[in-house]
Amino acid sequence: MKFVINRDVFSDAVSFAVKLLPQRPTMPILSGVRIEATPDGVVFSSFDFESSARTSVQADVGAEGVVLVSGKMMSDIAAKLPQREVRVEDDGTKVSIRCGNANFSLAKMPLEEYPTVPTVEGRTGVVEGKAFAEAIGQVAIAASREDVTPVITGVQLEASDTTLTLIATDRYRVSVRSVQWDAGEHTDAVTSLVPARTLMEVGRTFGGSERIEITMSEAGERQQIAFSTADRTVTSLLIKGNYPPVRRLFPESSEHHAVVNTAELVDATRRVQLVLDAEAAIRYTFSEGQAQLEAIGSEQAQASEIIDAVLEGDDIVLSIKPQLLIDGIQATHSEFVRVSFTHSENTNKPGPMLIRGQTSRDDAEATDFKYLLQPNLLLR
Amino acid sequence: MDVGTAWDDGGVSKQDGSNRLVSGPEVDDTTATILHVDLDAFFASASLLARPELLGRPVVIGHDSSRSVVTAATYEARKYGVHSAMPMARALRLCPNAIILDPDFALYSRLSQQVMGILDETSPEVERLGIDEAFVGIAGLRRLAGGANRIGPTLRARIHAETGLVASIGAAGTKYVAKLASSRAKPDGMLVVPNERVVDFLHPQPVSALWGVGPAQQERLARYGLHTIADVAHTSPERLSSWFGEATGRHLADLAWGRDPRAITEREQDKSFGHNHTFFRDVTDRAEQQGEILRLATGVGRRLRDAGVQARTVTLTVRFHDFRTITRSRTLPEATDVTRVIVETAWSLLEQLGELPPVRLLGVRASSVQAAADHGLLWDDTETWGSAERAMDAVHDRFGAATVVPASMLRRERKREDTGPSGGD
């Protein structure tokens, strides 16, 4: 195996291929990056049985062949190479990387023990890269990080004929966003539960692409999903289990709401939060023309702030964990947010609040993003 | 021993037991809320468990080599003047008949864990001082388990029954006096020092009995004519401070009058609620193990709810027939007081262990305890269980524990003794 490749192309390809590799792989061999030189170019790939990444790039291939080397080492080297052509060659027992006056020689890992990188077949649809990446950013923040509850560590993708909906929850909040979905001829509904971590990586690396092809495997032994652009593919095993029917939690409608400026609410929340212990809640009082924030810390520290708000309906007091609110209002990506209040059947428990974006103080807007948040019990 | 006369004894506490001081059940134990539990000649006694034919003989633990030092010695050997850290050669000159046994630190560590486990089951306030001693706070147990006069003998009996070791116990209102009392109670004794007897107890003792006074400090005190604790007590704190420095002077004056404000060091996050059960015979049947876990977790959940707290970590302890012990824990997404969650977590921890050798003991513990709080969840899968359990708690309170139990517990007919502090169900 022997090829000459542009320095930036090389470092982008290696870093993409190894990004999804786990920090501590279960088997050492899975920490490798597979490099295959073909007449059409060079393919960099990695696979840890959960997820895989694969990219195909242009290079001047002198001799075809395949090697497996340490992914971490290779990406560290690739990132630091000088701006010169890179020559990669299989020397028999080692792989040499030459760039300008820099020379590296890496041990080859045993290819015969390396698993075959999967290909995913099944139902395919297409989304626009920028919208999909934005949706992932808005939704994946709400996914649980607790491995004890594996189902909700994923983002649920629900495809219908023209929309793809992303849903995530950690039981404190639910975040939902829909994007346009071109399902081609297959228009019946299909769902996939994708690990949030993998999906966030997809959002980061595929955001600049015009179109992303998504392939969801049909029901079978190994449930997988693949995200592909012209030269890159990420696959992931799906999370097993039934996703909780969280869309039911959203209220049909609520006239009782307040509209506030997003940046003002975020900034005020961050300031008032300063006196609070982690996990403690801020008390929000919405009344005619304003919202008042109040916090009492453990060291008798106090903070309060008043911001403008347009309230529709009765005054209301809610106790909310600041970070959960900030996540939701920032994810609206709108200048204003509309916070709708609901009432629960249980009189002791406040109803969840619904957050949506709005372009101005007065104009309601049909956005495709919504965020449902459960306030805490009021203690005072 | 008649306590009244015992106090007049003014001699030096020698660890050979010749100057032993113990109290009986008639001593007022209301102020003695701290126990100091100390295993007698721990290494030597532990080594003798496997060599009962050597009981009553002078035994020295260490390596049989002239360059070695004594690790521990039985009371019989101590009578010849042998003590730990003494060169082996000298020990053998003092006591030529001594039998030398190699130390077995794995055994010591295992026995120590067992004894500490018994203490943990007795009180939530346990401060370990080393491999063979610990403070146990019992102030909060008076209504449940009685005072030092009841808890002390029970502990000593349990330690002896379950490990074969002998523990001596000192009980007092302060850590310092409790520790001194246990050393006077040795071997195989218990001494309760009520607050009003502290000064009588302390003053005749040599200054070396003061906490923190080693040989060097003892020599400095002697230069000022201070030989007994009474000598120190009757020197003004100002004078002590001018001789030995501000901090040391105040420390000496306080200890000489039995003042020791140190509480049992037991951090908030260490608080936990646990129950253990030792089977009458080793159990291999998974269903029986699960049944026992259900029973233990039911007790733990009830105690959490009664205390108005929730725990975030569930730990399963499994001890095998050969005393090998493993623990596995899991941290939950939210703190809970729901028995069902504790049961299912402990079951799943058991499941993850796979095939097991015969099981001698099972334990379920809930830790990372915090005040019960609203977690602000949109939905809670455990809510139904939680309210059913609260209803069950209320029935138990009115009609007794046997009225409503999980169906799978009905089959368990044997009357059992639990090893948790709050006893049975």
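Let's start inside chain B, where B:Val37, B:Leu39, B:Val115, B:Met116, B:Leu119, B:Asp132, B:Glu133 and B:Ala134 line the second largest cavity. Three elements of chain B each give two or more residues to that lining: β1 (34-39), α5 (105-122) and β6 (133-137). The largest share, three residues, comes from α5(B). Helices here are DSSP runs of H or I with at least four residues, strands are runs of E with at least two, and both are numbered from the N terminus.

Before going on, keep in mind that this is a predicted model: local features need pLDDT of at least 70, side-chain atom pairs count only at pLDDT 80 or more, and totals for chains, interfaces and linings use all residues. Residues are numbered from 1 along each chain as its sequence is written, chains are lettered from A and ligands numbered from 1 in the order in which they are written, and side-chain values use heavy atoms, with hydrogens and water left out.

Back to the empty space. On a 1 Å grid over the protein atoms alone, a cavity is a set of points where a 1.4 Å probe fits but cannot get out, while a pocket is an open set with protein on both sides within 12 Å along at least five of seven lines; lining residues have an atom within 4 Å of a point. Points are joined across faces, edges and corners, and a volume is the space filled by probe spheres set on them. Searching the whole structure turns up two cavities of 30 Å³ or more, and the second largest has a volume of about 40 Å³. Its lining has six nonpolar, no polar and two charged residues; Ala, Val, Leu, Ile, Met, Phe, Trp, Tyr, Cys and Pro count as nonpolar, Asp, Glu, Lys and Arg as charged, and the others, Gly among them, as polar.

Now for the pockets. The largest pocket holds about 1,500 Å³ of space. It has 50 lining residues, and the closest to its centre are B:Leu377, B:Asp380, B:Asp381, B:Thr382 and B:Glu383. Both chains give elements with two or more lining residues: β24 (336-343) and β25 (350-358) of chain A, plus β11 (325-336), α15 (339-352) and α16 of chain B. The largest share, six residues, is from β11(B).

Helix α16(B) (residues 383-399) is worth a closer look. With 17 residues at 1.5 Å a residue (the expected span counts one less than the number of residues), α16(B) should span 24 Å, and its end C-alpha atoms are indeed 24 Å apart. Its buried residues (under 20% relative accessible area; exposed is over 50%, partly exposed in between, with a 1.4 Å probe and protein chains only) are B:Gly386, B:Glu389, B:Asp393 and B:His396. They cover an arc of only 80° around the axis, so they sit on the same side of α16(B). The face turned away from that buried side carries the exposed B:Thr384, B:Arg398 and B:Phe399.

The second largest pocket has a volume of about 1,200 Å³. Among the elements giving two or more residues to its lining is β19 of chain A. Strand β19(A) (residues 282-287) runs antiparallel to β23(A), joined to it by five bridges; strands pair if DSSP finds at least two bridges between them. One bridge links A:Ile282 to A:Ile320 in β23(A). Strand β23(A) (residues 316-320) is mostly covered, with four of its five residues buried.

Conventions: Arc of directions from axis to C-beta.
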